Amino acid sequence: MTTQPIWSGTSFWQQQALAEDGAVSPSLSEDTRADICIVGGGFTGLWTALRLKEQAPDLDIILIEGKQCGAGGSGANAGYALPLWASFPMLQALYGPDEALRLCRASSAALEEIDALSNQHDADIGLARNGVIWGATCSRQAGHWDETVAALERYQIAHYEPLTGADIQQRTGSPAYVAGVLEASGATLHPGRLVRLLRRAVLAAGVRIHENTRMVDLDRARPVSIRTPGGVITADRVVLAIYAWSAGVHELSREIAVICSDAMVSVPQSDAIAAQGWQDGPALFDSRTFTEGTRTTPDGRVLFNKAGGRMALGGNINGALARPGQTSQELRAMLASHMPGLADAPISHAWSGAVDRTRSGLPMFGRLPGSPHILYGFGYSGRGILTTVVGSRILAALTLETDDAWASSGFVQEPQRAYPPEPLRFVGGWAVRRAIARKDALDHEDRNTGPVTTALYNLKPGRWNRAQKSS
Ligand SMILES: Cc1cc2nc3c(=O)[nH]c(=O)nc-3n(C[C@H](O)[C@H](O)[C@H](O)COP(=O)(O)OP(=O)(O)OC[C@H]3O[C@@H](n4cnc5c(N)ncnc54)[C@H](O)[C@@H]3O)c2cc1C
């Protein structure tokens, strides 16, 4: 019998994690004061709170979250813990080789930090160190990794192991891939449980958390007043850790386009996964611009995710998330093309999450122009599990005004007005999004795109900055 798929605004991970640990911090109900107010209870806000307490234990820190911790991308993501090495050519072009290597190494170290935190708190976050395959499902997309592999070879770094299509089939049972590379240090985890772990650690460190406490206004004078429905917080410094919701901060609104990603999981399927030949195998994602990925979960489900869902007009995330970008039938058909043996897997949960796409595809951290006591960190563009750990070091350094390599990291960047204003961003983004989808489809038919599609495709995030830099 097929289980009816349930599309919901809350991810499978978040539902499962909240069922295991449903503690909710009280919402703010009176005016209060703090040294530092962190807005946003995702990975960025929680890691930053921990860092600040480690470095300055006497600071009085308050963290507010509009819903529950993990209600944003941190509880909705696909759970691939991927270091920054795939972005090495871009990082090198923008910030130079030393900073690029430092950031990549820090992102690898982030996985060890996550593991250490879970051991310290005796928490099971479903960490599976089975590696991740970055592959291609058509010959035109094979070799997307070549530039990265070659750039790393110049530093004697062999981070990726080349695989043939037959190797990938042997490891995962998927006949869909023509070639790829294995990132052996790549891992998967349960993002909902990681959020719960971080939330517990932050509370234990003495940070005051208020959930269901939305910042409705930010007065930029110093000290800052953060208005919430239940009271006003007065703080010397503020850290905005609100990911896609940064589009609602006027100084930051032109830095990102908000585009949702869709995901679904099956009911537990251990036997079918084993029959597919994928038990304990690596996770997989392809080389489409709107990436498709598959992984297994700790309780024996298969997860499938697809980028390039609905766009948020003017940063209206609730509107974009009100309906799925891809129906669960469409997602299931895509899963079947990657994993034919799981084509009949009954789907139990499907959801969408908002992703903040910067033009470079890289995150940015800094101080609001004219308000240096208000910090921001966002723009992870769909790769945040490990990068938020790195970002929290940068945010802590900027908050504490530490004169170190984190405070002067390449990721520290002033707003650039990278995208046009609305409605141009939405209309332009829609056209580029269609061009990307068309090119992904034509690549799989071994056909070329026409000049208009090619021109629009070349405007996609991730290409622009590199072209600017080299021009
Ligand atoms: C569907 C999906 C799949 C992804 N897959 C992966 C993946 O496989 N691997 C990976 O590394 N990354 C992935 N990502 C990206 C990753 O999830 C994010 O980069 C990361 O979670 C960002 O963390 P954050 O804390 O900055 O943002 P969030 O987790 O979004 O936290 C921001 C929080 O701010 C709160 N907030 C917003 N406005 C206000 C306000 N006014 N007042 C109070 N609170 C507010 C929100 O409710 C939210 O909880 C994915 C993202 C999505 C959406």
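**Group meeting: strand 17, N305 and a helix crossing**

Okay, let's start with a strand pair: strand 13, residues 257-266, runs antiparallel to strand 17, and the two are joined over 10 bridges. To give you one spot to click on, S261 sits opposite G353 of strand 17. Before I go on, keep in mind that this is a predicted model.

Strand 17 has another partner, too. Strand 1, which is just residues 6-7, pairs with strand 17 in the parallel sense, over two bridges. There, I6 has H349 in strand 17 as its bridge partner. So how buried is strand 17? Of its 11 residues, 347-357, 10 are buried, so the strand is largely enclosed by the rest of the structure.

Next up, N305, which you'll find in strand 16, residues 302-306. Is N305 buried or exposed? Its relative accessible area is 16%, and because the cut-off for buried is under 20%, N305 counts as buried. Its side chain makes a polar contact with the side chain of Y80, at 3.1 Å. Leaving aside residues up to four places away in sequence, N305 touches A78, Y80, D262, A263, T291, E292, G293 and T294.

Last bit: helices. The axes of helix 5, residues 97-120, and helix 12, residues 387-399, come within 8 Å and cross at roughly 105°. That makes helix 5 roughly perpendicular to helix 12. On the helix 5 side, the residues in contact are L103, A106, S107, A110, E113 and I114, and they meet V389, V390 and R393 from helix 12. Sorted by class, that contact has six nonpolar residues, one polar and two charged.

Okay, that's my tour.

Key:
Residues are numbered from 1 along each chain as its sequence is written. This is a predicted model: local features need pLDDT of at least 70, side-chain atom pairs count only at pLDDT 80 or more; totals for chains, interfaces and linings use all residues. Side-chain values use heavy atoms; hydrogens and water are left out. Buried means under 20% relative accessible area, exposed over 50%, partly exposed in between (1.4 Å probe, protein chains only). Helices (H or I, at least four residues) and strands (E, at least two) are DSSP runs, numbered from the N terminus. Two strands pair if DSSP finds at least two bridges between them. A polar contact is a pair of N or O atoms within 3.5 Å; within protein, one must be able to donate a hydrogen and the other to accept it, and residues adjacent in sequence count only if both atoms are side-chain atoms. Contact means heavy atoms within 4.5 Å. Axes are lines fitted to C-alpha atoms, for helices over the stretch in contact, and angles run from 0 to 180 degrees between N-to-C directions. Angles under 35 degrees count as roughly parallel, over 145 as roughly antiparallel, 65 to 115 as roughly perpendicular and the rest as oblique. Ala, Val, Leu, Ile, Met, Phe, Trp, Tyr, Cys and Pro count as nonpolar, Asp, Glu, Lys and Arg as charged, and the others, Gly among them, as polar.
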